[in-house]
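Here's a small set of exercises to work through with the coordinates loaded. Try each task yourself before reading the solution under it.

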Amino acid sequence: MNKQTDFTIHGSFVGTRQDMTEALAFAAEGKVKADIELQPLPAINDVFKHLENGDVPSRVVIDFATT
């Protein structure tokens, strides 16, 4: 298994700059909630194991600020 090709990042170019401004304003006002699981960087190996096993019900965000 080649780990370098197992992951992709997807984005969207839908909307205008005004749409982006409004969306960021919603987020700044606390009106946008993301379903994430925050994990510290030292847990990265466990995160990959959970991803491989399909045990991640939402998104995992790696916290580089705290170790």
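**Exercise 1: the fold**

Which unit do β1, helix α2 and β2 make?

Solution. Keep in mind that this is a predicted model. Start with the inventory: the chain has two helices and two strands. Next, walk along the sequence, and the order reads α-β-α-β. Now pick out the last three elements of interest: β1 covers residues 36–40, helix α2 spans residues 44–53, and β2 runs over residues 59–63. Put together, β1, α2 and β2 make a β-α-β unit, and it is right-handed.

**Exercise 2: strand pairing**

Work out in which sense, parallel or antiparallel, β1 and β2 pair, and over how many bridges.

Solution. First, look for partners across the two strands. Glu37 has Val60 in β2 as its bridge partner. Then go to Pro40, which stands opposite Asp63 in β2. Finally, take the strands as a whole: β1 and β2 pair in the parallel sense, with five bridges.

**Exercise 3: a nonpolar patch**

Find out which residues join Leu38 in a nonpolar surface patch, and whether Leu38 is buried or exposed.

Solution. Begin by placing Leu38: it sits in strand β1. Next, check its accessibility. Leu38 has 52% relative accessibility, so it counts as exposed, the cut-off for that being over 50%. Then look at its patch partners, which are Ile36 and Val61. Together, the three residues of this patch offer about 250 Å² of accessible area.

**Exercise 4: charges**

Run a search for salt bridges over the whole structure and say how many turn up.

Solution. Start from the general idea: side chains with opposite charges can pair when their charged atoms come close. The search of the whole structure gives one salt bridge. It links Glu29 and Lys31, whose closest N and O atoms are 3.0 Å apart, inside the 4 Å cut-off. As a last step, check the lysine: Lys31 has a relative accessible area of 56%, so it is exposed.

**Exercise 5: the whole chain**

What share of the 67 residues is buried, and how much area does the chain expose?

Solution. Count residues first: 7% of the 67 are buried. Then take the surface: the chain exposes about 6,200 Å², and carbon and sulfur atoms supply 57% of that. To finish, turn to contacts with a separation of 6 or more: residues 24 or more positions apart account for 31% of them.

Notes:
Residues are numbered from 1 along each chain as its sequence is written. This is a predicted model: local features need pLDDT of at least 70, side-chain atom pairs count only at pLDDT 80 or more; totals for chains, interfaces and linings use all residues. Side-chain values use heavy atoms; hydrogens and water are left out. Patches are made of residues with over 30% relative accessible area and no salt bridge: like charges are joined within 9 Å, nonpolar side chains (Val, Leu, Ile, Met, Phe, Trp, Tyr) within 5 Å. Accessible areas come from the Shrake-Rupley method with a 1.4 Å probe; for residues, only the protein chains shown count as cover. A salt bridge is a side-chain nitrogen of Lys or Arg within 4 Å of a carboxyl oxygen of Asp or Glu. Helices (H or I, at least four residues) and strands (E, at least two) are DSSP runs, numbered from the N terminus. Buried means under 20% relative accessible area, exposed over 50%, partly exposed in between (1.4 Å probe, protein chains only). Two strands pair if DSSP finds at least two bridges between them. A crossover is right-handed if, with the strands pointing away from the viewer, the path from the first strand over the helix to the second runs clockwise. Contact means heavy atoms within 4.5 Å.
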